[in-house]
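Open your viewer and switch to a cartoon view. This tour tells you what to select at each stop, and what to look for there.

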Amino acid sequence: MLAICSRVDEVPADIEWRVSDAPVAFEEALAFMEERAAAIRAGSARECVWLLEHPPLFTAGTSADPSELFNPLALPVYQAGRGGRYTYHGPGQRVAYVMLDLDKRGKDIRCFVCALEGWMIDTLGQLGVAAHRAEGRIGIWVGEGAAEQKIGALGVRVKRWVTLHGLALNVAPDLAHFSGIIPCGIAEYGVTSLDKLGKQIPMTGVDASLKRGFRPFLNRLKRQCKES
C-alpha cells in the first residue's frame, strides 16, 4: 500500500513525498529510482523522496570488500550501484530514497551528503536522541568513545546531477542481522537503534520527524555546507 502526502509548509509542491506501508523489494526500489532519475533529468517528473522498509537483505556499494560479507543466514545480496561498502536493510529500518536535481540545487555533492547527515541528526534530535558525525567514519553515531554506536547510514549515487539512494535510520530492526557484514567496513564499533536506546517510537512518528526536517535539509543545499 502506498500513501502519498504533502504539506506546503514541509514539502514543496514540486517534490513528491511517498511513504510505503509494506516492505518494498530492493529490485523494485532500484528500478523506480533509475526510472524517476531519468524522468527528473528529462523534466517530465517531479523530484521525489520515498520512505520505505525493505525485507531483510544486504546491499553492496561500489567499494564493497567480499571479505566483509559473512551472511550466515544467507540473506539476499544486491549490487546497489551507490558509493560505500556493505549495508543491511530490513524491517524496522526507515530508508529514505532521495531523488533530487542538484543541477538546480547547488551542484555540490559534498554539500548534499553533509545535508543528509544533518537531516538525520536533526530528526534524531527531535526524537530525543543526541547524534553526531564522527571524523573519519561514515554514518551517524550516538554515544561517546568506546561506547559509540552507529544508528544511521547513508550512501548516494549521482547520475547526471540527479541523486539516487539516500539514508537509512535504525528504528527497531533486528540488530542481529548486522552480524552478517562489517557495516560500511567499520569493525571497531557496533550498531544500535532507537528501540535499543529506549525510544519505542512508531514508524509514523519517525516519518513525521523526517518530514519536519525536510525543508531545513533543502535549505542547506542553498548554501555552502557547514557541519552542524
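**Stop 1: helix α3 and its cover**

Begin with helix α3. Several elements cover its buried residues, including β2 (15-20), β3 (47-52), β7, α2, β11 and α4 (214-220). Keep in mind that you are looking at a predicted model. Now select residues 203-212, which make up α3. Which residues of α3 are buried? They are M203, V206, D207, S209, L210 and K211. Show their side chains, then colour the covering elements one by one. Two of those elements, β7 and β11, are among the next things to select.

**Stop 2: strand β7**

Select β7, residues 93-99. How many of its seven residues are buried? Seven of the seven are, so this strand is mostly covered; a residue counts as buried when its relative accessible area is under 20%. Turn on the side chains and look along the strand. Q93, V95, Y97 and M99 point one way. R94, A96 and V98 point the other way. Residues on both sides are buried.

Next, find the partners of β7. Add β3 to the selection. β3 and β7 pair in the antiparallel sense, over five bridges. To see one link, pick L52: its bridge partner in β7 is V95. Now add β11, residues 162-170. Five bridges join β7 to β11, and these two strands run antiparallel. Here, pick R94 in β7: its bridge partner in β11 is L169.

**Stop 3: a sheet of three strands**

Hide what you have and select β4, β5 and β6. They form an open sheet in the order β5-β4-β6, with mixed pairing. Which strands are at the edges? They are β5 (77-79) and β6, and each pairs on one side only. Tilt the view to compare strand directions. Neighbouring strands of this sheet are turned by 30° against each other on average, with direction ignored.

Where does the mixed pairing come from? Take β4, residues 57-60, and look to each side in turn. Four bridges join β4 to β6, and the two run antiparallel. Three bridges join β4 to β5, and these two run parallel.

Zoom in on A60. It stands opposite Y86 in β6. In β5, the bridge partner of A60 is Q79. Then move to F58, whose bridge partner in β6 is Y88.

Are the faces of β4 covered or open? Both are covered. L57 and T59 are buried on one side. F58 and A60 are buried on the other. Now bring back helix α1, residues 26-42. This helix lies across β4 and β5, and runs at about 15° to β5.

**Stop 4: the largest pocket**

Show the surface. Select R82, T87, L154, G155 and G166: these lie nearest the centre of the largest pocket, which is lined by 22 residues. About 230 Å³ of space lies in this pocket. Which elements give two or more residues to its lining? They are β6 (86-89), β7 (93-99), α2 (109-126), β10 (149-159) and β11 (162-170). The largest share comes from β11, with four residues. Colour the lining by residue type. You should find eleven nonpolar, eight polar and three charged residues.

**Stop 5: the largest cavity**

Hide the surface and go inside. The structure holds one cavity of 30 Å³ or more. The volume of the largest cavity is about 100 Å³. Select T87, K150, A153, N170 and F178, which lie nearest its centre among 15 lining residues. β6, β10 and β11 each supply at least two residues of this lining. β10 gives the most, with four. By type, the lining divides into ten nonpolar, four polar and one charged.

**Stop 6: G139**

Finish with a single residue. Select G139, in strand β9 (residues 137-142). Why does G139 count as buried? Because its relative accessibility is 1%, and the cut-off for buried is under 20%. Leaving aside neighbours within four places in sequence, G139 is in contact with H132, R133, K150, G152 and L154. Last, draw a distance from G139 to Q79. The two are 60 residues apart in sequence, and 20 Å apart in space, C-alpha to C-alpha.

Key
Residues numbered from 1 in each chain as written. Predicted model: local features only at pLDDT ≥ 70, side-chain atom pairs only at ≥ 80, totals over all residues. Heavy atoms only, no water. 1 Å grid on protein atoms, 1.4 Å probe; cavity = no way out; pocket = protein on both sides within 12 Å on 5 of 7 lines; lining within 4 Å. Points joined across faces, edges and corners; volume = space filled by probe spheres on them. Nonpolar A, V, L, I, M, F, W, Y, C, P; charged D, E, K, R; others polar. Pairing = 2+ DSSP bridges. Axes fitted to C-alpha atoms, helices over the stretch in contact; angles between N-to-C directions. Contact = heavy atoms within 4.5 Å. Buried < 20%, exposed > 50% of the residue type's maximum accessible area, 1.4 Å probe, protein only.
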